[in-house]
Amino acid sequence: MKTKLLLFSLLVAWVGSVWAQGPNNTGTYYQSANGKSGQGLRTAMASIITQNHNVVSYDGLISAYEQTDTRADGCVRDWYSCTTNYRHGKDTGGYRQEGDSYNREHSVPQSWFNKRTPMKSDIIHVVPTDGYVNNRRSSYPFGEVGSVTYRANQDYCRLGSSKTPGYSGTVFEVPDEIKGDMARIYFYMATRYKDQCGSWGGNIFTSDGMVKWELDQMMAWSKEDPVDAREIARNNAVQGVQKNRNPFVDYPGLEDYIWGSKKNSTFSYDHYEGGTIIDVPTVAMPTFTPDAGTYYNKVDVIMSCATEGAKIYYTTDGAEASEQSILYTGPITLTKTSTIKAVAVKDGLLSYQNSAFYLITDNNDSGDDIEPVDGEIILNADFFETSYTGTLPATDTQDLEGSENGITVVYAKATGDYRYANDSEIRLYKGNTLTVSVGQGTLTEIEFTTGKKTAVLNADKGSVSGYKWTGNANEIVFTSGGTLSLAKMKVAISGGAGIDQVQTNTLSGQRVIYNLRGQRVANPTHGIYIVDGRKVIID
């Protein structure tokens, strides 16, 4: 990235830098890679960044972006468009043109690794982008475009035939200011998933890293667009979210030690001789133990910071934390539902703010039904995150899956001949199945809005009247007697058992919470919400 940011009072840069410990407050994180080179260094780095790596849920990425991808003005940092001003957690959903909504872009398309975890929600490579531009990228590889077939606003991104030596197919070109970012993400993916990436589709990754033409392209991009303060800040925030880092950001030019001119040279974590280093004075974001979640009667919360000597300041009423907030001196006991917000401070520098929602329950096991949660889901190619527009190839038998507001929908080919999805509908052909399920609560009503093609709708349980299902189930399988166009579905959920044990989310500092309209809420205040399938009243 070549952007100029006033993140902190910056910067000292030098070549052949020497640290008492690793860069960017990493301490001895990379120490076990000392003395390694080439593929041995790649293996050592893979072990380091895999240990304790704990990705958030796919739904949790939307909340996590508030920590990793927020612009100075508070809007979502859009990696593919320079003309959007999306609000975190609000401007998601369907789209018809650039600027309608943002979504989660897998820089390494998830179709290449069959949507498997942890790759599916690894926030290092899953970044927020404009939904329409993301759709135009599809699953084409990154490269430099010769003949352009599509341009984003202000020519920020482009799609077209490749002019990258060694490849003549269609490629997607990102803007100059993030070419290095994308290169270092690809180096990370080839390292973190070194034992899996050789079997991925897409013809880009190999057991040794990447095919030559793409590796050459990424090596060039990394040099043309070196690491800067914004990329380091994101890497620090990522560690707070999923407990690992991208070593190619911490050690610019590290790729040369694995695939390039220095692959016969040994690596030193604290006497690194690599590219130009930007050392940004940072303070690690505070973390909470145990994670945000639902607890019976009370919970003792411990706060910590990876930056030695940093002080932590916090609030428990949802207010923003600052140096004027409560100084943390030891575990705090919460006896009522609370939102903790905390910052760490050292030498006048403040960390990113972390927050956590703790629901304290009295273990009411009445089992009474809650008010229904109504949520509307647009059924289209974007929801199922497929790059196809129109009829899917008969040879593609992989299930399409989408999730929103705690509701999961699986569109399967099953015994049908084809499937169909575009930007406004899907088609349920004879033999296809559409499975709707919830992890918490009970489905009580689902009403579909149909398109031009209509046919009989069937369900494996409950009753169907026209295109409205009613019943009481955690999962329903829909089929059709012919060709049925489905544009959207409105879902009602109710019910839920009492809670008598800890329920946690892998995203430290956030939980997925819904209001009574089925909308995700990042920081609930006073009112009624749905948490783990139960109605919760916050005073």
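**Entry 1: strand β12 and its partners**

I began with a single pair of residues and noted that F288 stands opposite M303 in β12. The model I am reading is a predicted one, and I keep that in mind throughout these entries.

I then looked up the strands around this pair, and found that strand β10, residues 287–289, pairs with β12 in the antiparallel sense over three bridges. On looking for further partners of β12, I found strand β15, residues 332–334, which pairs with β12 in the antiparallel sense, again over three bridges. For V299 I wrote down L334 in β15 as the bridge partner. As a reminder to myself, strands of a sheet pair through backbone hydrogen bonds, either parallel or antiparallel.

Which side chains of β12 point to the buried face? Following the strand from residue 299 to 304, I saw that the side chains alternate, with V299, V301 and M303 pointing to one face and buried, while D300, I302 and S304 point to the other face and are not buried.

**Entry 2: the sheet β4-β5-β6**

Next I turned to an open sheet of three strands, which run in the order β4-β5-β6 with antiparallel pairing. Its edge strands are β4 (145–151) and β6 (170–173), and each of these pairs on one side only. I also recorded how the strands are turned: neighbouring strands of this sheet stand at 35° against each other on average, with direction ignored.

Within this sheet I looked up the pairing of β4 with strand β5, residues 158–162, and counted four bridges in the antiparallel sense. One detail I noted here is that V145 stands opposite S162 in β5.

**Entry 3: two charged residues**

Is K179 buried or exposed? I located K179 in helix α4, which covers residues 176–192. Its relative accessibility is 5%, and because buried means under 20%, K179 counts as buried. Leaving aside residues up to four places away in sequence, I listed E144, E173, V174, W221 and D225 as the residues that K179 touches.

I then went to E255, whose place is in helix α8, residues 254–258. At 2% relative accessibility E255 is also under the 20% limit, so I entered E255 as buried. With residues up to four places away again left out, E255 touches F187, M219, S222, F248 and G260. I also checked a distance between C-alpha atoms, and found E255 and Y188 to be 9.5 Å apart in space, although 67 residues separate them in sequence.

**Entry 4: the largest cavity**

I searched for enclosed space and found that the structure holds two cavities of 30 Å³ or more. The largest cavity contains about 110 Å³ of space.

Which residues line the largest cavity? I wrote down W79, I124, D181, R184, I185, E231, R234, N235, V238, N246 and V249. When I sorted this lining by type, I had five nonpolar, two polar and four charged residues. Both α4 and α6 (229–242) supply at least two residues of the lining, and α6 gives the most, with four residues.

**Entry 5: the protein as a whole**

Finally I stepped back to the totals, and noted eight helices and 36 strands in the secondary structure of the protein. Of its 539 residues, 55% count as buried. Among contacts between residues at least 6 apart in sequence, 67% join residues at least 24 apart.

Notes
Residues are numbered from 1 along each chain as its sequence is written. This is a predicted model: local features need pLDDT of at least 70, side-chain atom pairs count only at pLDDT 80 or more; totals for chains, interfaces and linings use all residues. Side-chain values use heavy atoms; hydrogens and water are left out. Buried means under 20% relative accessible area, exposed over 50%, partly exposed in between (1.4 Å probe, protein chains only). Contact means heavy atoms within 4.5 Å. Two strands pair if DSSP finds at least two bridges between them. Axes are lines fitted to C-alpha atoms, for helices over the stretch in contact, and angles run from 0 to 180 degrees between N-to-C directions. On a 1 Å grid over the protein atoms alone, a cavity is a set of points where a 1.4 Å probe fits but cannot get out, and a pocket is an open set with protein on both sides within 12 Å along at least five of seven lines; lining residues have an atom within 4 Å of a point. Grid points are joined across faces, edges and corners, and a volume is the space filled by probe spheres set on the points. Ala, Val, Leu, Ile, Met, Phe, Trp, Tyr, Cys and Pro count as nonpolar, Asp, Glu, Lys and Arg as charged, and the others, Gly among them, as polar.
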